[in-house]
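Please explain how the side chains in this structure meet one another, taking the aromatic rings and the charged groups in turn.

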Amino acid sequence: MDLSPAPGASTAAEVAAAASVDPSLAPDASTAAEVAAAASVDPSLAPDASSSAKAEDERFALLMSIGEECIQTDELRLLLQNKEKAFPICYDGFEPSGRMHIAQGIVKTINVNKMIRAGCKVKIWIADWFAQLNNKMGGDLEKIQTVGRYMIEIWKAAGMDLDGVEFLWSSEEINKRADEYWTLVMDIARRNKVKRITRCCTIMGRADNEELTAA
């Protein structure tokens with residue numbers, strides 16, 4: 001009997017009919033249920049439950065090796081266990097302000113690669129507008145952005161895994177969501193006194209008694 005299908009008429013029904021004539025033509029019936037049954041007979045065939053916990057411990061240790069302290073280690077554990085967030089997002093940022101020093105070039109590359117190996121995605125903010133506010137590179141935005149691109153090239157040369165990194169320019173992101181950003185700026189300006197804003201300068205490495213611009 002010729003079981004070859006008519007041109008263009010190969011259907012699931014024809015395959016089933018052919019299999020009823022010759023069982024050797026039936027698809028391989030190896031299913032998840034059979035695998036589970038085999039595992040019940042031989043436990044060595046079942047997935048190793050400890051391997052998942054070991055992988056999580058390795059990811060945790062890798063991330064813990066990056067900094068001096070972790071504020072909430074239990075939260076980090078929960079983040080790594082969250083299956084809905086397969087790739088936790090890590091943030092970093094910098095102002096393009098001139099030549100890169102060794103720590104910024106080599107140590108950042110090592111730490112970013114550790115985060116990627118731990119299964120994270122890394123977003124690095126390039127704070128070009130904020131560098132301009134701080135008068136870096138004489139306040140010339142074009143020069144600041146050139147320095148930002150130069151730093152990316154150094155990280156590439158140092159071996160940073162850029163496939164796991166997204167660079168975000170603050171000027172572009174702020175302009176994309178200007179309605180949200182400037183509304184927030186206006187709200188902060190309205191709710192806070194000048195003295196309070198001045199005290200915040202210390203987090204930028206500036207003394208509050210320095211001669212500061214309004215920026």
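Is Trp182 buried, partly exposed or exposed? Trp182 has a relative accessible area of 41%, and therefore counts as partly exposed. The model under discussion is a predicted one, and Trp182 offers a convenient point of entry to its aromatic contacts.

A pair of aromatic rings is described by the distance of the centres and the angle of the planes. In this model, the count of aromatic pairs comes to 4. One of them joins Phe94 and Trp155: the ring centres are 5.1 Å apart and the planes stand at 85°, an angle that makes the pair edge-to-face because it is over 60 degrees. The two partners belong to distant parts of the chain, since Phe94 lies in strand E1 (residues 89-94) and Trp155 in helix H7 (residues 141-158), with their positions 61 residues apart. Phe94 has a relative accessible area of 7%, so this residue is buried. Trp155, with a relative accessible area of 0%, is likewise buried.

The pair formed by Trp129 and Trp182 can be described in the same terms. Here the ring centres are 6.5 Å apart and the planes meet at 45°, so the arrangement is tilted. Distant parts of the chain are again linked: Trp129 is in helix H6 (residues 128-133), Trp182 is in helix H9 (residues 178-191), and they are 53 residues apart. As for accessibility, Trp129 is partly exposed at 23%, and Trp182 is partly exposed at 41%.

Ring pairs also build a cluster, whose members are Phe94, Trp155 and Phe167. Phe94 and Trp155 thus appear once more, this time together with Phe167.

Aromatic rings also meet charged groups in this model. Arg77 is placed over the face of Phe60, at a distance of 3.9 Å from the ring centre. Over the ring of Phe87 sits the charged end of Lys121, 5.0 Å from the centre of that ring.

The account now turns to contacts between charged side chains. Side chains of opposite charge can pair when their charged atoms come close. Across the whole structure, a search finds 10 salt bridges. Arg77, already met over the face of Phe60, is linked with Glu56 and Asp57 in a network of salt bridges.

Helix H7, which holds Trp155, also carries a salt bridge. Glu153 pairs with Lys156, and their closest N and O atoms are 3.2 Å apart. Because these residues are 3 residues apart in helix H7, about one helical turn separates them. Both ends of this bridge are partly exposed: Glu153 has a relative accessible area of 44%, and Lys156 one of 46%.

Which residues form salt bridges with Asp187 in helix H9? One partner is Arg190, whose side chain meets that of Asp187 at 2.8 Å, N to O. Arg190 and Asp187 are 3 residues apart in helix H9, and therefore about one helical turn separates them. Another partner is Arg191, with an N to O distance of 2.9 Å to Asp187. Asp187 and Arg191 are 4 residues apart in helix H9, about one turn of the helix. Asp187 itself is partly exposed, with a relative accessible area of 25%. Arg190, by contrast, is exposed at 61%, and Arg191 is exposed at 60%.

Definitions and conventions: Residues numbered from 1 in each chain as written. Predicted model: local features only at pLDDT ≥ 70, side-chain atom pairs only at ≥ 80, totals over all residues. Heavy atoms only, no water. Phe/Tyr/Trp six-rings, centres within 6.5 Å; stacked < 30°, edge-to-face > 60°. Helix = DSSP H or I, 4+ residues; strand = E, 2+ residues; numbered from the N terminus. Buried < 20%, exposed > 50% of the residue type's maximum accessible area, 1.4 Å probe, protein only. Lys NZ or Arg CZ within 6 Å of the ring centre and 35° of its normal. Salt bridge = Lys/Arg side-chain N within 4 Å of Asp/Glu carboxyl O.
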